Amino acid sequence: MNKDRHQYQPDTNAVRIQIPRTDQMEHASPMFLTSSFCFDNAEEMRATFADETDFNIYSRFSNPNVDEFVQKMCALEGGEAGYATASGMSAIFASFMALLKAGDHLLSARSIFGSTHTVITKFLPKWGITTSYFDITDDPASIAAMIKPNTRMIFLETPSNPGLEIIDIEMLSRIAKEHKVILNVDNAFATPVLQKPLAHGADLVTHSATKWIDGQGRVLGGVVVGKKELIKEIYTFCRSTGPSMSPFNAWVLSKSLETLFVRMERHSDSALKLAKALENNPHLSLVKYPFLPSHPQYAIAQKQMSGGGGIVCFELKGGLQQGVRFLDALQLLSLTANLGDSRSIASHPASTTHAKLSEEERAIAGITPGLIRISVGLENIKDILEDIEQALEKSK
Ligand SMILES: *Cc1c(COP(=O)(O)O)cnc(C)c1O
């Protein structure tokens with residue numbers, strides 16, 4: 001690139017940021033499937049190990065394809081630095097392990113991804129890290145009152161999976177700054193196309209790149225982006241513990257970013273159409289979508305997001321049993337444990353991901369018996385809507 005990336009628009013950067021061309025003059029970035037990198041002489045090798053150069057050493061530390069993906073993510077999120085990991089969970093886990101120590105306290109939103117909840121409740125206590133949860137209905141003063149002298153980080157996910165709760169990032173960043181704690185935001189549902197947490201005052205952004213970033217249901221990946229000094233700690237932790245992203249996955253994900261803006265626009269557009277079309281469906285007691293005025297946090301969504309994203313949730317009047325019948329009646333939509341794919345996906349948390357919980361436990365996690373989550377794909381919206389409407393009719 002001849003111009004500095006700051007002179008281009010984000011959607012141009014998503015296409016054009018590229019590792020330097022090799023002497024083969026390739027147009028697309030080649031795949032660097034190599035575990036390690038060579039040195040011309042002993043002095044160069046010594047200097048590189050002493051951090052005096054930025055040459056690659058070993059692909060657990062860095063790799064050209066992974067660098068390309070990270071550079072794009074930094075440009076899109078507006079972050080100083082980043083590190084890419086094998087999955088979204090390893091990105092979140094690394095952000096906890098690198099920045100929290102025994103005796104520290106984490107303040108987290110209650111509505112978070114299931115595996116993140118497992119990490120917080122099952123594993124962090126093993127290392128003496130405690131957590132409190134705040135609720136979406138808590139006012140800023142009561143959230144601030146939950147901060148203890150040993151609180152080191154606030155973690156949140158917005159919109160949340162699967163309940164689509166929206167948290168005011170700016171409000172939380174004010175609390176975080178006032179108490180000098182790190183604000184860490186899981187931005188997997190919105191992607192940097194629709195929401196930039198760092199611009200709203202967050203210190204770190206974590207992603208599952210498996211979802212909308214890949215966008216085609218192929219590879220797992222994760223990334224953490226944010227302040228240089230925080231990413232340095234995360235890099236140091238990951239370089240030694242090994243949750244690095246594979247060069248192959250990085251190559252796939254960097255290509256995916258080239259189409260992220262176009263895809264998110266279409267996903268959001270179709271999801272809003274679907275949500276509006278279902279609003280008056282007689283088989284549903286509720287339709288939830290961030291950009292529907294009936295969403296409880298519609299005003300916050302309008303303030304911090306430029307589109308509502310690709311997930312629509314609704315509640316079946318017939319509860320748990322209708323949920324099962326609804327899945328069976330679908331003809332086009334896939335039944336699969338992913339989201340953010342070009343193919344539309346339906347899921348019913350109460351009979352699948354959250355089936356082991358009691359009804360009370362599910363209620364606390366925001367999972368009602370008839371809750372259906374639709375990941376709106378890139379098919380024609382007419383076909384998506386028709387399939388859902390016929391399945392609603394059949395399952396009533
Ligand atoms: C899927 C998901 C994760 C976990 O990501 P993986 O890539 O599956 O490890 C974390 N947060 C959110 C919001 C997710 O949807």
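In what order do the seven strands of the open sheet stand? That is where I would like to begin today, and the answer is S1-S7-S6-S5-S4-S2-S3, with mixed pairing. Before going further I should say that this is a predicted model, in which local features need pLDDT of at least 70 and side-chain atom pairs count only at pLDDT 80 or more, while totals for chains, interfaces and linings use all residues. Residues are numbered from 1 along each chain as its sequence is written, and side-chain values use heavy atoms, with hydrogens and water left out.

A few words on terms will help. Helices (H or I, at least four residues) and strands (E, at least two) are DSSP runs, numbered from the N terminus, and two strands pair if DSSP finds at least two bridges between them.

Let us return to the sheet. At its edges stand strand S1, residues 81-85, and strand S3, residues 130-134, each with a single partner strand, so one side of each is left without a neighbour in the sheet. On average, neighbouring strands are turned by 20° against each other, direction ignored; axes here are lines fitted to C-alpha atoms, for helices over the stretch in contact, and angles run from 0 to 180 degrees between N-to-C directions.

Now let us walk along the pairings, starting from the S1 edge. S1 pairs with S7 in the antiparallel sense over five bridges, and Tyr83 has Val224 of S7 as its bridge partner. Strand S7, residues 222-226, is in turn joined to S6 by five bridges, and these two strands run antiparallel. Here Val205 has Val225 as its bridge partner in S7, and Ser208 stands opposite Gly222. On the way to the next strand the sense changes, for strand S5, residues 182-186, and S6 pair in the parallel sense over three bridges, with Val205 of S6 as the bridge partner of Val185. Towards the other edge, strand S2, residues 105-109, and S3 also pair in the parallel sense, over five bridges, and the partner of Ser108 in S3 is Tyr133.

How many residues of strand S6 are buried? Five of the five residues in S6, which spans 204-208, are buried, where buried means under 20% relative accessible area, exposed means over 50%, and partly exposed lies in between, using a 1.4 Å probe and protein chains only. Both faces of S6 are covered, with Leu204, Thr206 and Ser208 on one side and Val205 and His207 on the other. S7 gives a similar picture, since five of its five residues are buried: Gly222, Val224 and Gly226 point one way, and Val223 and Val225 point the other way.

Next come the helices that pack on the sheet. Helix H7, residues 169-178, touches S3, strand S4 (151-157) and S5, and its direction makes about 155° with that of S5; contact, throughout this talk, means heavy atoms within 4.5 Å. Helix H9 packs on the sheet as well, touching S1, S5, S6 and S7, and its direction makes about 30° with that of S1.

H9, residues 228-241, also meets helix H4, residues 88-99: their axes come within 9 Å and cross at roughly 100°. The two helices are therefore roughly perpendicular to each other, on a scale where angles under 35 degrees count as roughly parallel, over 145 as roughly antiparallel, 65 to 115 as roughly perpendicular and the rest as oblique. On the H4 side the contact is made by Ala94, Ser95, Met97, Ala98 and Leu99, and on the H9 side by Leu230, Glu233, Ile234, Phe237 and Cys238. These residues divide into eight nonpolar, one polar and one charged, where Ala, Val, Leu, Ile, Met, Phe, Trp, Tyr, Cys and Pro count as nonpolar, Asp, Glu, Lys and Arg as charged, and the others, Gly among them, as polar.

Is Cys238 buried or exposed? Cys238 counts as buried because its relative accessibility is 0%. A search of the whole structure finds zero disulfides, a disulfide being a pair of cysteine sulfur atoms within 2.5 Å, and for Cys238 the nearest cysteine sulfur, that of Cys74, is 14 Å away.

I will close with two single residues. His267 lies in helix H11, residues 260-278, and counts as buried at 0% relative accessibility; leaving aside neighbours within four places in sequence, its contacts include Trp212, Asp341 and Val376. Glu178, by contrast, lies in helix H7 and counts as exposed, at 63% relative accessibility.
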